[in-house]
Amino acid sequence: MNQDAFVFGLSIVGLVWYLVLWSISILGCVTARRRYRSRPISPLSRAGAFNSPGVSILRPLKGLDTNLYENLESTFKQEYSNYEIIFSVADENDQALNVVHALMNRYPRVKASVIIGEEVVGVNPKVNNLMRPFRAAANDILWVLDSGVMVDPGTLARSVDVLTGLSTRSGRKVALVHHVPLALVDEPKIGSRLEAAFLNTNHAKMYIAINTVGIDSCVVGKSNLYRRSDIERLNGSLVPIQSQPVSTQEPVKFGLAAFGRFLAEDNMIASALWHELGLRHDLSCDVARNVVGNMSFLDYIWRRVRWIRVRKRMVLAATVLEPFTESIMLCIIGAFACRVLFAIPSSIFVVVHFAAWLCIDLDVYTSIAGRDIGKDGVFFFLLAWMAREILAFPIWLLGIVADDVTWRGRKYTIMKNGEARLCST
């Protein structure tokens, strides 16, 4: 093969990849417009308790997270007649308890309770914190919400609508309903702005598109609705239940306890529902609002590094390809292909590429936020957006070269299949 043929072939491959990624971006943008710019009122919002499936809302807590009062209060304000709230903390001296008791006194008509004390089943503190409320819940439908999440009053009703629907487009039963994270910035820290620029644009766009295509599981666990009866059939092996061998040696854990060995228990639970039970996920038209708080530049860097290292051990191929889905690397690929195939000057291509990419990201942001950024916020958003795009590849490199992560003050080593080992030092 001569050099010209090789360059031509490489440019064809590059152009195809470029067009595929743009198709995914446009799909995410269009779907965000359709799904999030109109949020209808669910009939369940007005239904009585006897006509609404019971739901137990589980909120694991640890310390005074940013915006904690408002986050927790949003669950007391749900327009739904048949639900309970169970708060759980590992330590009886946890400061979050003061907030919980204040809210329980303010909303005495809402059925709410507190469970103190964890049950250690693995290295994941969130799973350990959830074990007791998971069993104590009065209902089969569980809504697990991180302490950093705030939701709209109609979120539960609309989510139950999706969960109890007949099936997805594939004909498979919906086993999990999740919500796109929406970052809110309340403090003008660079890390906070970078996090918002990432979550509200590229992350949301790809997350929505991947879940629309529905080829495989892709779930973030900030806000998940599922059935306890489904979780109790899982063991985290990702092997279809009918193909799992009968163990004659060490007993296999089933249920929530089986996911205590993973840091990304949310993603693994979703994957297990998909692969072990053959069930599917769906998004409602709601978002999981997350006030970012005081995040420094290094906080942002190490947060992104942590989850790259976790994903690397869970979905290696997708993690390796990740840099080639980012705007700068994709621009290089597209500029090369269009210069070889169509003689388009790279300078013109770069300007058009980034202008279009920014427009798509801004449109996705507007869709999930339900509002424009506003003139006052555009300048800082653009700076954060550009910095996020420039940092994407260096952060990926930093994440790909090691397996150790620090989470909530503890150091872990991520092992095969995403399992974690707590480091002794």
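Me: In this predicted model, which residue in S10 does Trp 407 stand opposite?
Reply: Start with the strands: S9 and S10 run antiparallel, with four bridges joining them. S9 covers residues 404-407 and S10 covers residues 410-414. Across from Trp 407, in S10, you'll find Arg 410.

Me: And what's the bridge partner of Thr 406 in S10?
Reply: We're still on the S9 to S10 pairing, which is antiparallel. Trp 407 stands opposite Arg 410. For Thr 406, the bridge partner in S10 is Lys 411.

Me: Which residue in the turn between S9 and S10 has a positive phi?
Reply: S9 and S10 form a hairpin, and two residues sit between them. The one in the turn with a positive phi, about 50°, is Arg 408.

Me: Which strands stand at the edges of the sheet S9-S10-S11?
Reply: This is an open sheet of three strands with antiparallel pairing, and from one strand to the next the twist averages 35°. An edge strand has a single partner strand, so one of its sides is left without a neighbour in the sheet. That description fits S9 and S11.

Me: Which helix packs on that sheet, touching S9 and S10?
Reply: S9 has a covered face, made of Val 405 and Trp 407, and an uncovered one, made of Asp 404 and Thr 406. In general, side chains in a regular strand alternate between the two faces of the sheet. The helix packing on this sheet spans residues 297-314, and its direction makes about 125° with that of S9. It's H9.

Me: Moving to the sheet of eight strands, which are its edge strands?
Reply: The sheet is open, with mixed pairing, and the order is S3-S2-S1-S4-S7-S6-S8-S5. Edge strands pair on one side only, and here they are S3 and S5.

Me: Which residue in S3 does Ser 88 stand opposite?
Reply: S2 and S3 pair in the parallel sense, over six bridges. S2 covers 83-89 and S3 covers 111-116. Opposite Ser 88, in S3, is Ile 115.

Me: At what angle does H2 run to S2?
Reply: H2 covers residues 68-76. This helix lies across S1, S2, S3, S4 and S5. Its angle to S2 is about 150°.

Me: What angle does the direction of H8 make with that of S8?
Reply: H8 packs on the sheet too, touching S6 (174-184), S7 (223-227) and S8 (280-291). With the direction of S8, H8 makes an angle of about 170°.

Me: How many of the nine residues of H2 are buried?
Reply: The buried ones are Leu 68, Asn 71, Leu 72, Glu 73, Ser 74, Thr 75 and Phe 76. What covers them includes the strands S1, S2, S3, S4 and S5 along with helix H3. H2 is largely enclosed by the rest of the structure because the buried count is seven.

Me: Is Glu 73 buried or exposed?
Reply: Glu 73 lies in H2, and it touches Leu 103, Arg 106 and Tyr 107, leaving aside residues up to four places away in sequence. The cut-off for buried is under 20% relative accessible area. At 8%, Glu 73 is therefore buried.

Me: How are H12 and H13 oriented to each other?
Reply: H12 (346-369) and H13 (375-400) have axes that come within 12 Å and cross at roughly 115°. The crossing is right-handed. Given that angle, the two helices are therefore roughly perpendicular.

Me: How many residues of the contact of H12 with H13 are charged?
Reply: On the H12 side, the contact is made by Phe 354, Trp 357, Leu 358, Asp 361 and Leu 362, and H13 brings Phe 381, Leu 382, Trp 385 and Glu 389. They divide into seven nonpolar and no polar, with the charged ones numbering two.

Me: Is Ala 343 buried or exposed?
Reply: Ala 343 sits in the loop between H11 (327-342) and H12. Ala 343 has a positive phi of about 60° although it's not a glycine. Its relative accessible area is 63%, and the cut-off is over 50%, so Ala 343 is exposed.

Me: What is the relative accessibility of Leu 238?
Reply: Leu 238 is another non-glycine with a positive phi, about 65°. You'll find Leu 238 in the loop between H7 (228-231) and H8 (265-275). Leu 238 counts as partly exposed because its relative accessibility is 31%.

Technical notes
Residues numbered from 1 in each chain as written. Predicted model: local features only at pLDDT ≥ 70, side-chain atom pairs only at ≥ 80, totals over all residues. Heavy atoms only, no water. Buried < 20%, exposed > 50% of the residue type's maximum accessible area, 1.4 Å probe, protein only. Contact = heavy atoms within 4.5 Å. Axes fitted to C-alpha atoms, helices over the stretch in contact; angles between N-to-C directions. Parallel < 35°, antiparallel > 145°, perpendicular 65-115°, else oblique. Left-handed = near helix turned anticlockwise from the far one by under 90°. Nonpolar A, V, L, I, M, F, W, Y, C, P; charged D, E, K, R; others polar. Pairing = 2+ DSSP bridges.
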